[in-house]
There are 2 protein chains.
Amino acid sequence: MDHQLVVYNTLSRKKENFEPINSPFVGMYVCGPTVYGDGHLGHARPAITFDIIFRYLQFLDYKVRYVRNITDVGHLENDADEGEDKISKKARLDQLEPMEIAQYYSDRYHENMDQLNCLKPSIEPRASGHIIEQIEMIKKIIEVGLGYEVDGSVYFDVIKYSKTHEYGKLSGRVLEDLLSNTRDLDGQSEKRNPTDFALWKKAQPEHIMRWPSPWSDGFPGWHLECSAMSTKYLGEQFDIHGGGMDLLFPHHECEIAQSTACNGKESVKYWLHNNMITINGQKMGKSLGNFITLSDFFSGENKLLEQAYSPMTIRFFILQAHYRSTLDFSNEALQSAEKGLKRLMTAMDTIVNLKSSETSTSNIKELEKKCYDAMNDDFNSPILIAHLFEGVRIINSVNDGKESITAEDLTLLKKLFNDFAISILGLKNESLKNNNDLPDKLMEVILNLRQTAKTNKDYATSDKIRDELKNINIVIKDTKDGAVWSEEN
Amino acid sequence: MDHQLVVYNTLSRKKENFEPINSPFVGMYVCGPTVYGDGHLGHARPAITFDIIFRYLQFLDYKVRYVRNITDVGHLENDADEGEDKISKKARLDQLEPMEIAQYYSDRYHENMDQLNCLKPSIEPRASGHIIEQIEMIKKIIEVGLGYEVDGSVYFDVIKYSKTHEYGKLSGRVLEDLLSNTRDLDGQSEKRNPTDFALWKKAQPEHIMRWPSPWSDGFPGWHLECSAMSTKYLGEQFDIHGGGMDLLFPHHECEIAQSTACNGKESVKYWLHNNMITINGQKMGKSLGNFITLSDFFSGENKLLEQAYSPMTIRFFILQAHYRSTLDFSNEALQSAEKGLKRLMTAMDTIVNLKSSETSTSNIKELEKKCYDAMNDDFNSPILIAHLFEGVRIINSVNDGKESITAEDLTLLKKLFNDFAISILGLKNESLKNNNDLPDKLMEVILNLRQTAKTNKDYATSDKIRDELKNINIVIKDTKDGAVWSEEN
């Protein structure tokens, strides 16, 4: 089977054959969270998008090193290099050490990622843990004449860089437009030009997170960490850089400028970006009052939610749209995702008991090829899911005796579901595991049956129930208020 | 109630009243794992020991900042500052980037800690993420004349330090003995004296993990990270430093020397050390072939294990010994811990259905006081557990109608178990959650009952079963091979 994978490269604005620089090794860097608040849908989408890319590349036998960073310093409230550090601010408000905030929200993020069944990255570097690497990078950028120091802070000279390089090539921005559109904000007067960006910022006296550097006690600019850490762990050139579309500009544009200035060449072969999530058609934002955390979804505790939605429902909902399409959240859409997922999972239960026949009425080999084709076409998960539902239809028809399947095809169909639904889409059957009440409910049914038997003086049955439960180590005890059960000592 | 907590301070070799430097705030630093292999019993014991200390201090309303580090660089195979870096070596053997090894085993460690129900520390700093802080500390130590550079490496001058300070005060070692007992090993010739230890090591050309410094491209000595990170996150003086007794010398002794040299004063008020675990009376070690990982315990897959032991069994086993006593692993001991834990958990199920009377035959208030006394006496968990078993005896006697308890005492007894067994000892009832087979087994009982009813043409009963299951969203379907069940779509 031909597995030529094609990916959409934001840089070239077209689909390209995926050919790793040093196959079978693949280096993939994805921008991770700034850890100062709970994870929300906007965190789930890139995590799940690059999780299925990670899974599929591994499925195709590539040896993938997947690096996803934790931003725990340097991300200011205002992308124009001004305002308070996001984590410092939260620490000040909560009267905690900044690293306590970063640790707490990193742990929460990891918990959410586990719930969403996202595989752990190979390396998860923290920005604050790579200050030396960032300082070394700044030194090089100054050396080649593209960084300049003003009063302890260092800025990247975008105008000078753009004389020999195309600043804006990734995001499609034009420098002249940027210059004419950018007002000279207060406090930006240190910059030669408003498009310049900070590589190092001198810390104000009240700023807690600070490190010594050749220029001042301060902290790195936000864009720098990704350039420094991707170079450290993936080399000067690597295959895939991913992230949300909101990071295209200025973050990724600045990364390209930094890495190119520093290494003398572009570092990323394929830039992949997931599109945004809207809520009932609106942008999601804390200030807009339509902010739903992942924990809210899982518990249902948010006024915008009609019910709780399980992690797999959220995952399936996200995978039902192609990663480059916008995706609008609504209760209806999630409820429909929940139903679809259940139908898929029930079919996977049904397939186990399916009986084979002499002939197949469906072409399973063809169906498998279609699944590969979907994933090979820039990881088109909605098309893949549509094919899986064709598989569901076949399973149910065979089960109802309306269609038939050979033993060989049945094996292939089972493998297809295991490969594509479980290994690649990363779905899992949560119905039983999430339902901790089920044993209690079932025991209630059993104890009711036993009570009825006793009332009818059918002691043969009531004794039989007691004995069968004893066989599975469950003890019933009759009390004044009825029977209670426990697992045996 | 008087909650005067007393802790055994390794430094003074006696029990002391616990009085935090800046109450109600408590700073606690505990030496975490070197992440180059799977967690074993030797990791579980300090983690669980300091987890119950963390839990109890919080229970007493202290505001605790608990810092536990991840050693991902600098820990050489040979404690005398020679040999390969443990993580680099594993990376070389596995052909991976060192940080990939560190990430993988950090993730595994966290998974084990979650299974053992250990709370996450407030901050979990990585050694490789604090190179600048370590370099700054070395600079200070050189400045005060207690560090010297030789060919790009920097060593701590123990002889000079000991002229004004007592090197060996924590471990009880005497410098003269150390000097006469230490051979001058190959490659140690850079040191002025064999007792000196490395603060910075120049990296050999093949050494991957390296950072620039004023002395060489190299890496920090192992002891330095804890001094640097405890100072950074807990200040120059803090309350508790914990770790395994095997770290007393040289690791903690060197930490004291470094921090004292750097800050001009001792940094730790209370040094707490947990004792070691032996396996059938022998020291545990990879080379001794008696090495059992935590995952081995949980799965039972190790030739030394007669069965699998659940995380709570391991936890309870460890808590049944005082943390300063040695603890010998054996299958018998673990099986007895498993039984004891089950008895405790069953009693906690029983207490829910207990009926109160006019009088109490036991003094629950007194029992509660004994529980506090046990914990206040240097966290004496085995004594606490003995008192909890007195509670178990009371619960079972009341349940059997042999003793009685008032409503007020019953409430107090419930609270006592919740406080001490659940919140402080961190035990949890794993029986149902770990038993994913239970719904299947119960459904088998139910379907058998239904089959019997149908065989007896007792359709009233078989219909009743179907209807009751439908009420809890379970659908039964009859097939040629018998009934199958599924959760409803």
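## Domains, cores and the chain contact

In chain A, the centres of domain 1 and domain 2 lie 34 Å apart, taken over C-alpha atoms. The model is a predicted one. The domain assignment of chain A sets domain 1 at 20–274, domain 2 at 279–424 and domain 3 at 438–487.

**Where the domains meet.** In chain A, 19 residues of domain 1 are in contact with 20 residues of domain 2. On the domain 1 side, two or more residues come from each of helix H1 (41–59) and helix H3 (98–115) of chain A. H1(A) gives the most to this side, with 11 residues. By type, the domain 1 residues that touch domain 2 of chain A are eight nonpolar, eight polar and three charged.

**Chain A overall.** Chain A holds 16 helices and 17 strands. Its C-alpha atoms fill a box of roughly 95 × 60 × 40 Å along the principal axes. Of the 489 residues in chain A, 45% are buried. Take the contacts in chain A between residues at least 6 apart in sequence: 72% of them join residues at least 24 apart.

**The cores.** In soluble globular proteins, nonpolar side chains tend to be buried together. Here the largest nonpolar core has 240 residues. Those with the most contacts inside this core are Ile141(A), Leu199(A), Phe420(A), Ile141(B), Leu199(B) and Phe420(B). Leu199(A) touches Ile141(A) directly. Other residues that Leu199(A) touches, beyond four places away in sequence, include Ile138(A), Val154(A), Tyr155(A), Phe156(A) and Leu224(A). Two glycines, Gly147(A) and Gly221(A), also touch Leu199(A). Another core lies apart from the largest one and has 18 residues. Among them are Leu438(A), Leu449(A), Leu469(A) and Ile446(B).

**Helix H14.** Phe420(A) is one of the buried residues of H14(A). The others are Asp409(A), Leu410(A), Leu413(A), Leu416(A), Phe417(A), Ala421(A) and Ile424(A). H1, helix H11 (331–350), helix H12 (364–376) and helix H13 (381–399) of chain A are included in what covers them. H14(A) runs over residues 407–424, 18 residues in total. At 1.5 Å a residue it should span 26 Å, and its end C-alpha atoms are 24 Å apart, so the two values agree. Just after H14(A), Gly426(A) takes a positive phi of about 70°.

**Two copies.** A turn of 180° and a shift of 0.1 Å along the axis lay chain A on chain B with an RMSD of 0.2 Å. The two copies are therefore related as by a two-fold rotation axis. Which C-alpha of chain A is nearest the axis? That of Gly129(A), 1.7 Å from it. Both copies use the same surface: 100% of the contact residues of chain A recur in chain B.

**The chain contact.** Chain A and chain B give 46 residues each to the contact. Elements of chain A that give two or more residues to the side touching chain B are H3, helix H4 (131–143), H11, helix H15 (438–455), helix H16 (459–471) and strand E17 (482–487). H15(A) gives the most to that side, with nine residues.

The table sets out the residue types on the two sides described.

| Side | Nonpolar | Polar | Charged |
|---|---|---|---|
| Domain 1 of chain A, touching domain 2 of chain A | eight residues | eight residues | three residues |
| Chain A, touching chain B | 19 residues | 12 residues | 15 residues |

Note on methods: Residues are numbered from 1 along each chain as its sequence is written. Chains are lettered from A and ligands numbered from 1 in the order in which they are written. This is a predicted model: local features need pLDDT of at least 70, side-chain atom pairs count only at pLDDT 80 or more; totals for chains, interfaces and linings use all residues. Domain bounds come from an automatic or database domain assignment. Two residues are in contact if their C-beta atoms, placed from the backbone, lie within 7 Å. Helices (H or I, at least four residues) and strands (E, at least two) are DSSP runs, numbered from the N terminus. Ala, Val, Leu, Ile, Met, Phe, Trp, Tyr, Cys and Pro count as nonpolar, Asp, Glu, Lys and Arg as charged, and the others, Gly among them, as polar. A nonpolar core is a set of buried Ala, Val, Leu, Ile, Met, Phe, Trp, Tyr and Cys residues joined through C-beta atoms within 7 Å. A residue is buried if 20 or more other C-beta atoms lie within 10 Å of its own, exposed if 12 or fewer, and partly exposed in between; C-beta atoms are placed from the backbone. The expected span of a helix is 1.5 Å times one less than its number of residues. Copies are superposed by least squares on the C-alpha atoms of residues with pLDDT of at least 70 in both.
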